[in-house]
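Thanks, everyone, for making the time. I would like to walk through one model with you this morning, beginning with its charged pairs and then stepping back to the fold and the confidence; please have the sequence and the coordinates open while I speak.

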Amino acid sequence: MPTRDHVVAASETVTLVLGEDSPLPESAADVEDLVRLLRGHVAQLGAQTAPGIPALLRAQRLCSDSVPEGYVPSRVYLVRLAEATQELMAHVERGGPGPISVQGGRRWRKPTVNVLRGAVFALALACLVFAASVPRT
């Protein structure tokens with residue numbers, strides 16, 4: 001599954017930038033390295049989506065900009081590029097329309113944790129009602 005590999009690699013790089021525990025890059029060279037990685041991920045993920053998708057256009061527009069000079073502007077640009085890459089990753093993971101189709105057919109969304117909790121609660125409640133309605137001998 002080449003699509004998954006690109007998404008996982010991009011996710012790891014985005015986590016380096018946007019992760020709660022990840023520190024800001026210390027030097028301008030670190031920022032340049034991360035920007036280069038993110039631009040490569042945008043190119044790889046962009047090849048798997050249809051042209052004209054808003055997430056792709058936003059990411060490509062940011063990729064075409066140069067890294068601003070200065071500590072704060074360069075870090076802001078890096079975070080914006082990581083967010084745009086994350087948005088593009090989400091589009092590719094959802095299986096949005098694109099020229100490369102990894103799987104045919106309909107893709108089901110994964111249920112959220114709260115949906116699963118609700119289903120377990122409903123099942124437990126149904127078992128309790130059934131158990132209470134059975135006559136005792």
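**Charged pairs, fold and confidence**

What we have here is a predicted model, and a search through the whole of the structure turns up 2 salt bridges.

Let me take Arg-36 and Asp-33, whose side chains meet in a salt bridge at 2.6 Å, N to O. Both residues belong to helix α2, and because they are 3 residues apart there, about one helical turn separates them. As for their surroundings, Arg-36 counts as exposed, at 55% relative accessibility, whereas Asp-33 is partly exposed, with a relative accessible area of 35%.

The other pair is Glu-87 with Arg-58, whose side chains meet at 3.0 Å, again quoted N to O. Glu-87 lies in helix α4, residues 71–93, and Arg-58 in helix α3, residues 54–64, so this salt bridge ties together parts that are 29 residues apart in sequence. Glu-87 is partly exposed at 36% relative accessibility, and Arg-58 is also partly exposed, at 24%.

Turning to the fold, the protein has 5 helices and 0 strands, which read along the sequence as α-α-α-α-α. Among the contacts with a separation of 6 or more, 73% are between residues 24 or more positions apart. Of the 137 residues, 26% count as buried.

On the surface, the accessible area comes to about 9600 Å², with 61% of it belonging to carbon and sulfur atoms. Leu-24, Tyr-71, Val-72 and Val-76 make a nonpolar patch of about 390 Å² there. Leu-24 sits in the loop between α1 (2–18) and α2 (28–46), and its relative accessibility of 49% makes it partly exposed.

How many disulfides does a search of the whole structure find? The number is 0. For two of the cysteines I can add that Cys-63 is buried, at 17% relative accessible area, while Cys-127 is partly exposed, at 46%.

Finally, a word on confidence: the mean pLDDT of the protein is 84, and 88% of the residues reach 70 or more. Where should we be careful? Over residues 97–104 the pLDDT stays under 50, although the model has 13 contacts for this stretch beyond four places in sequence. Where pLDDT is low, predicted coordinates should not be read in detail, and I would ask you to keep that in mind as we discuss.

Terms used. Residues numbered from 1 in each chain as written. Predicted model: local features only at pLDDT ≥ 70, side-chain atom pairs only at ≥ 80, totals over all residues. Heavy atoms only, no water. Disulfide = S-S within 2.5 Å. Buried < 20%, exposed > 50% of the residue type's maximum accessible area, 1.4 Å probe, protein only. pLDDT = per-residue confidence, 0-100. Contact = heavy atoms within 4.5 Å. Helix = DSSP H or I, 4+ residues; strand = E, 2+ residues; numbered from the N terminus. Areas by Shrake-Rupley, 256 points an atom, 1.4 Å probe, with all protein chains shown as cover. Patch = residues over 30% accessible without salt bridge, like charges linked within 9 Å, V, L, I, M, F, W, Y side chains within 5 Å. Salt bridge = Lys/Arg side-chain N within 4 Å of Asp/Glu carboxyl O.
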